[in-house]
Amino acid sequence: MTTTRTDTPGQTPPTGPLAGLLVADFSRVLAGPYATMLLADLGAEVVKVESPAGDDTRHWVPPRRGDVGTYYLGVNRNKRSIVLDLKDDDDLSVAQELSRRADVFIHNFKPGGLDRFALGYDDVAARNPASVYCSISGFGSAGGASLPGYDLLVQGMSGLMSLTGSPEGEPYRAGISVFDVMTGLHSVIGILAALRHRESTGEGQHVETNLLSTAMSSLVNQTSAYVAGGVVPHRMGNSHLSLFPYEPLATGDGDLIVVAGNDGQFRRLVEAIGAPELADDERFASVGDRNERREELRPLLLERLATRSAQEWFALLSEAGIPCGPINDVQGGVELAESLGLEPVAMAGDVPTVRNPIRFSASPARYDLPPPGLDEHGEEVRAWLGFGPHPHQTPPADPPVPSA
């Protein structure tokens, strides 16, 4: 991809498919930092601009590693940190120069929040017409511009929480900030597409993502049920709106997730559990039949599954080619990934982090820099941009993160 510069703030230029790109990261918390970490993993040079207080997630504890929140550590490797107080004239000059040089400028201030610092899209594009400028918000830049963008709010307001939990119980949030993460992914897709456009035309552009639009897209079959079918989905616990079995089922000693998404899988399932006659039962002949008569079919499956343990069924059903699996805790999930040779943990310096999920045969992801301490690279970045040390005292950096 065409770049506007070839030097980097660091002494050793990063490698990878995005090497040569400079990202000015004015984001904080999760959606933006997750996006910029993915870009950094792939070789982009990311300068993380923080307020004197630092990214909020540095202080979201417990859990912690040393004195730093593990939340922060999870989404900030491969970056350089500089503290800039945009209300300070000297710091603002540094920020504006960084925006002039950057290939990508990304932030998650409220829409219009950076305009008064001449760091909005129009000002940055005037300095650098080739810049790809990515704005992340909660509810877009129109009617929802003034609304604060928190994942929990969007989980509730989008309809996700109305789908999560027991049918008789209260709505539940997902166990992670799911729309923050997905918005980060969508932001990376938008940025890469805009860079491809720039490669062809030489022109930068404004990329906008927001949590609610991400939610509308990410609810996929559930939003489609309403917009295309007029059906308002509701909470079904662990059951699926359109498939059965596609849920945890009780065995002799615990639950096992069992999936039969088509007629062939259903036939193999009932043969494996010793009830082959169910495959030829007219009541359960098709996906739609099984879905509509799930309350008739479920006890017939449970009767057979009760004869063995979850682990025994896991082995037998897997051997028969039936998608199934146990319900692990997070430790169990990491250990499973390790047992399958996926190497889920990668060391960034002396900090263990979760490996970038993308594998490249020729240009692998990098893990060069641990998540930075606050303003750890402030002087280095200032010097690279042509500025001397800040005339005022720089806030102390975070203490080093211990290796154990």
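Colleague: Why are H5 and H7 called roughly perpendicular to each other?

Modeller: In this predicted model, helix H5 (residues 151-158) and H7 pack at an angle of about 100°, with their axes 7 Å apart. Angles of 65 to 115 degrees count as roughly perpendicular, and H5 and H7 are therefore described in that way.

Colleague: What makes the contact between H5 and H7, residue by residue?

Modeller: On the H5 side the residues are Asp151, Val154, Gln155 and Ser158, and they meet Val178, Phe179 and Asp180 in H7. Contact here requires heavy atoms within 4.5 Å.

Colleague: How do you know which word, parallel or perpendicular, suits H7 and H8?

Modeller: The axes of helix H7 (residues 178-201) and helix H8 (residues 211-218) cross at roughly 95° and come within 9 Å of each other. Set against the range of 65 to 115 degrees, that angle makes H7 and H8 roughly perpendicular to each other. The contact is made by Phe179, Asp180, Met182, Thr183 and His186 from H7, together with Leu211, Thr214, Ala215 and Ser218 from H8. Phe179 and Asp180 of H7 thus appear in the contact with H8, and Phe179 and Asp180 are also met by residues of H5.

Colleague: Turning to Asp41, why does this residue count as buried or exposed?

Modeller: Buried means under 20% relative accessible area, and Asp41, at 0% relative accessibility, therefore counts as buried. Asp41 is found in helix H1, which covers residues 31-41.

Colleague: What does Asp41 touch, once residues up to four places away in sequence are not counted?

Modeller: With those left aside, Asp41 touches Arg77, Asn78, Asn356, Ala365 and Arg366. As for Pro17, which is 24 residues apart from Asp41 along the chain, the C-alpha atoms of the two are separated by 9.4 Å.

Colleague: How many of the residues are buried across the protein, and how many contacts join residues 24 or more positions apart?

Modeller: Buried residues make up 46% of the 404 residues, again by the cut-off of under 20%. Of the contacts with a separation of 6 or more, 69% are between residues 24 or more positions apart.

Colleague: What are the totals for secondary structure and for charged side chains?

Modeller: The protein has 15 helices and 13 strands. There are 32 positive and 52 negative side chains, and the centres of these two sets lie 2 Å apart.

Conventions: Residues are numbered from 1 along each chain as its sequence is written. This is a predicted model: local features need pLDDT of at least 70, side-chain atom pairs count only at pLDDT 80 or more; totals for chains, interfaces and linings use all residues. Side-chain values use heavy atoms; hydrogens and water are left out. Helices (H or I, at least four residues) and strands (E, at least two) are DSSP runs, numbered from the N terminus. Buried means under 20% relative accessible area, exposed over 50%, partly exposed in between (1.4 Å probe, protein chains only). Lys and Arg count as positive and Asp and Glu as negative; His and the chain ends are not counted. The place of a charge is taken as NZ of Lys, CZ of Arg, CG of Asp or CD of Glu. Axes are lines fitted to C-alpha atoms, for helices over the stretch in contact, and angles run from 0 to 180 degrees between N-to-C directions. Angles under 35 degrees count as roughly parallel, over 145 as roughly antiparallel, 65 to 115 as roughly perpendicular and the rest as oblique.
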